[in-house]
Every structure is written in C-alpha cells, then in structure tokens.
Amino acid sequence: MPQLETPQVAPQAVSFWQAFLFWLKLGLISFGGPAGQISIMHQELVERRRWISERRFLHALNYCMLLPGPEAQQLATYIGWLMHKTRGGIAAGVLFVLPSLFILIALSWAYIIFGNQPLVAGLFYGIKPAVTAIVLQAAHRIGSRALKNNMLWTIAAASFVAIFVLKLPFPVIVAAAALAGYVGGRMAPEQFSMGGGHGKVDVSFGPALIDDDTPRPEHARFSWAGFIKIAMAGLLLWLIPMGLLLTSYGWDRTFTQMAWFFSKAALLTFGGAYAVLPYVYQGAVDHYGWLMPVQMIDGLALGETTPGPLIMVVAFVGFIGGYSKGLFGPDSLFWAGAAAATLVTWFTFLPSFIFILAGGPMVEATHNDLKFTAPLTAITAAVVGVILNLALFFGYHVLWPKGFAGAFDWLSALIALAAAVALFRYKISVIHVIAVCALLGLVLKSLPFWR
C-alpha cells in the first residue's frame, strides 16, 4: 500500500448552505458526461474536501449505477441526502440539473434564431475530441479504483465484449454482472470485498466527515413509514401535473404527450443517456415529429458540450418541439419552447429523486454486508467496460466523421491527444481542457485551408 501523508483529523462539519454553494458550482462545471462528472465528484468530495470516504462513495455509486436515470445526478442527490437529509438531496439533485436547463434553453433559442454559424462549428470541432479524452480518462480513474483483482478485470472485459461486440442491452449486462457478483461473493468473497481483493482501498485520503465507520444518521435508517411517505409524495408529484395537463389540453396534445413519453424514457435510462437516446430519437423524430433528424444530432452535440447530465438533451428536444409547434401561439414561441423544456425535464428527473430518497436508507443498511455489496461491486466493474465502449464510440465519430471509408481527421486526433496529455499527465481540470480545445477548434476552423 502506498505510504502517503494524509490528514489525521476529519474536516469540520459542513453546513447546508456551504454544501448548497458546492452543488451549485458542480452544476456549472460538470462537463464530460457521467464518467467525467463522477470523476469530478470523487476529486472534490473524496480526495480534496473529504466529505465522504472512498468506500462509502463507491457504495453509493454502485447503487446509482443500478438504477435507471442519470447516475452522476443521482450520486450527487444521494450524497446531499446523506449529509443534510431530504432538503440536502433535493438541493444537490436540482442544482446538478438547473444550470444545464437554463443554458440549454438559451442555446436552443440561439440555435433556432442564428442557425449553423461558423463560430459554433469551430467551437464544436475542438470540443468533441476533448470529450473523447475526458471519457477515456474517467474510465481509467474509475477502473483504477474498482478493478482491484483479476476477477473484477475479467468482469470488466466481459462487459466490454458484450456491449462492443455482441451489442447486448445494458440491463442484460447489469443483470449478468450482479449475478456474477452474487455467486462470486459466496464462492470467493475476498474477490468481491468493497475496494478490492483484500477489502481495502489502495490510497487513504484521511478521515472523512462520512467515514467507513461513521454511524448512520437517524434519517438514513430504513422504515416502512418513511418509504411509503416518499413514494406517495413522488406519485403525487407525477399525478398532479399530469392531471393538470390532461384537463387543460387533453391526451393527444403535445404537452401531455411529452409528459407521458419522457416519463417512460426516464425508466429506460439504464446505463446512462446513450442507452435511451435511440428510444428518444425514434419517438421525438419519427413518431411525434417534434424535431428533424439533423436537429436531434445538433441537440446531442449541445448536450455533450454543456454542463449537466447528457440526458439533458431532452430539454433541447422539448424546446424545439414547443417552439416549432407554436404551443402558445405565434407571439410566444420562446415561452412555448421554454415551458416544454422545463416540462420534459421535470418528468425525466422526478423518478431519480424518488429512487434515491426512498431507497437510500435501504442501501445505507447494506454498506458492510457482503451479500449486497458483492453484486454491486461486480456491477461497477462491468460499468468500466461500458465506459470504455463509450470512449471508443466518441473516438470513432470524431476521428472518422464520415466512417472508416472516409478520411482520418488527423487534426481532431491531435486535439484529442493534447487533451489526453493535459488530463493524464498534467492533471488539468476538465473545464479548462474543454475551454482551450474549443478555442483551438475555432482557430483551426478559421484558417484558410478550411474555406
């Protein structure tokens, strides 16, 4: 085990408003998709601030990986809830999404008004290779923490083959990994102990506010009364707006159909946004006609290059649909788009809060119980393979924009390489790497040979 100088005293207690400011900052800097966002949270909460220990962080992450929905946003909600009860979880989860919603509403409006300008094309040209490097770095960071023995490496490799070669759905990979962890936890428990084969993490960052042996607070103790209370509140928060839409617009109108469609999509997001994007594309473009295919692709690019969960591309879909359909009349196109974007965001993210606030106490009761942690440890290992597949997905579309039959984009490759060196070698922050690469792409696109 590396001998590192680590603090010997836990940090001082963090107030709700101190945490509130951090969650707001996180919502503004959470670039790089779920892998990059989880990496940022680990650096800030485990390594730098020591609000939560490595083991407790990974246990919460394992649970969030198991759920449908954006795992990084759910992880923030979980840690906020663990620190400051329900209001802490709501603040962390909402602030993770809210800046992205406002930014995407503004960018969607600018997209419609100004169209495809050379400035935007140049910025995106530099950002996409950077995102490829960010995802690859995050796969390395999570893998270095989660893959502590040959068994977990094997699970990660098998998950990569399953999704990259066999094209198996992510829920199938999760189920197989959980089964492997359940069986392996009984047959070879030392291989599935949280943190590796010996049940320890390789690096200690010092005592944490929520440490491995910190007793569960009262609000994190499971009770059926608390579970039913949260579940009923969540059901009402879905039923009331849905009922208002039905009575105000009817079932077949756009707002109501958006609410219903994205409620279903929220329950299909196993494995993050990329698992559900084909479903969103099919419904929003082919079935409902809320936007055109090229607009969906542009929306995905915006989602990749703005802070917040990648599934926030649904806000772009909602805005374009509300705007193009003129739901509030020709004089209120912006407000129709903004209302639709807010509506779909509400119905997409509501289940995530319910899963965390209702299920968190049950998860906290299992963080030292191997029969529960072994399947979740195996799932984390499997997710490393899935994230690597995502990095290759980005790399293919960035380096061969017209497919393997087309030309290799060597300038994008150089930008990706430079971003990787900055992230891996010099530990430069994600936000700075994205900013520099965006400017680099803008400069390259303005050179004479691009014209």
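**View 1. D211, a buried acidic residue without a salt bridge.** In this predicted model, D211 is buried and yet takes part in no salt bridge. How far away is the nearest side chain of opposite charge? That side chain belongs to R56, and the distance is 7.2 Å. To find D211, look in the loop between α7 and α8 (224-249). Leaving aside residues up to four places away in sequence, D211 touches S53 and R56.

**View 2. R55 and D212 joined by a salt bridge.** Here the side chains of R55 and D212 meet, with 3.3 Å from N to O. Which parts of the chain does this pair tie together? R55 sits in helix α3 (residues 54-66) and D212 in the loop between α7 and α8, so the salt bridge connects parts that lie 157 residues apart in sequence. D212 is partly exposed, because its relative accessible area is 30%. As background, side chains of opposite charge can pair when their charged atoms come close.

**View 3. A salt-bridge network of K25, E44, R48 and R49.** The structure holds five salt bridges, and those that share partners join K25, E44, R48 and R49 into one network. Let's start with K25 and E44, whose closest N and O atoms are 4.0 Å apart. This pair links distant parts of the chain, since K25 belongs to helix α1 (residues 16-29) and E44 to helix α2 (residues 33-48), with their positions 19 residues apart in the numbering. E44 also forms a salt bridge with R49, and there the closest N and O atoms are 3.0 Å apart. Is E44 buried or exposed? With a relative accessibility of 14%, E44 counts as buried. K25 counts as partly exposed because its relative accessibility is 34%, and R49 is partly exposed too, with a relative accessible area of 23%.

**View 4. Two residues with positive phi, R50 and K85.** Most residues other than glycine have a negative phi. R50 is not a glycine, but its phi is positive, near 55°. You will find R50 in the loop between α2 and α3, where its relative accessible area of 12% makes R50 buried. K85 is not a glycine either, and its phi is positive at about 65°. K85 is placed in helix α4 and counts as exposed, because its relative accessibility is 52%.

**View 5. The largest nonpolar core and L291.** How many residues does the largest nonpolar core have? The count is 123, and the residues with the most contacts inside this core are W23, M41, L75, F262 and L291. Helix α4 (residues 71-114) provides the largest share of the core, 16 residues. Turning to L291, its contacts are A284, V285, M296, F316, V317 and I320, when residues up to four places away in sequence are not counted.

**View 6. A nonpolar patch on the surface.** This last view shows L136, V161, F164, V165, L166, L168, V172, L388 and L392, which form a nonpolar patch on the surface. Together they have about 720 Å² of accessible area. Which helices each supply at least two residues of the patch? They are α6 (150-164) and α14 (370-399). L166, one of the patch residues, lies in the loop between α6 and α7 (170-187). L166 counts as exposed because its relative accessibility is 53%.

Key
Residues are numbered from 1 along each chain as its sequence is written. This is a predicted model: local features need pLDDT of at least 70, side-chain atom pairs count only at pLDDT 80 or more; totals for chains, interfaces and linings use all residues. Side-chain values use heavy atoms; hydrogens and water are left out. Patches are made of residues with over 30% relative accessible area and no salt bridge: like charges are joined within 9 Å, nonpolar side chains (Val, Leu, Ile, Met, Phe, Trp, Tyr) within 5 Å. Accessible areas come from the Shrake-Rupley method with a 1.4 Å probe; for residues, only the protein chains shown count as cover. Helices (H or I, at least four residues) and strands (E, at least two) are DSSP runs, numbered from the N terminus. Buried means under 20% relative accessible area, exposed over 50%, partly exposed in between (1.4 Å probe, protein chains only). Lys and Arg count as positive and Asp and Glu as negative; His and the chain ends are not counted. Contact means heavy atoms within 4.5 Å. A nonpolar core is a set of buried Ala, Val, Leu, Ile, Met, Phe, Trp, Tyr and Cys residues joined through side-chain atoms within 4.5 Å.
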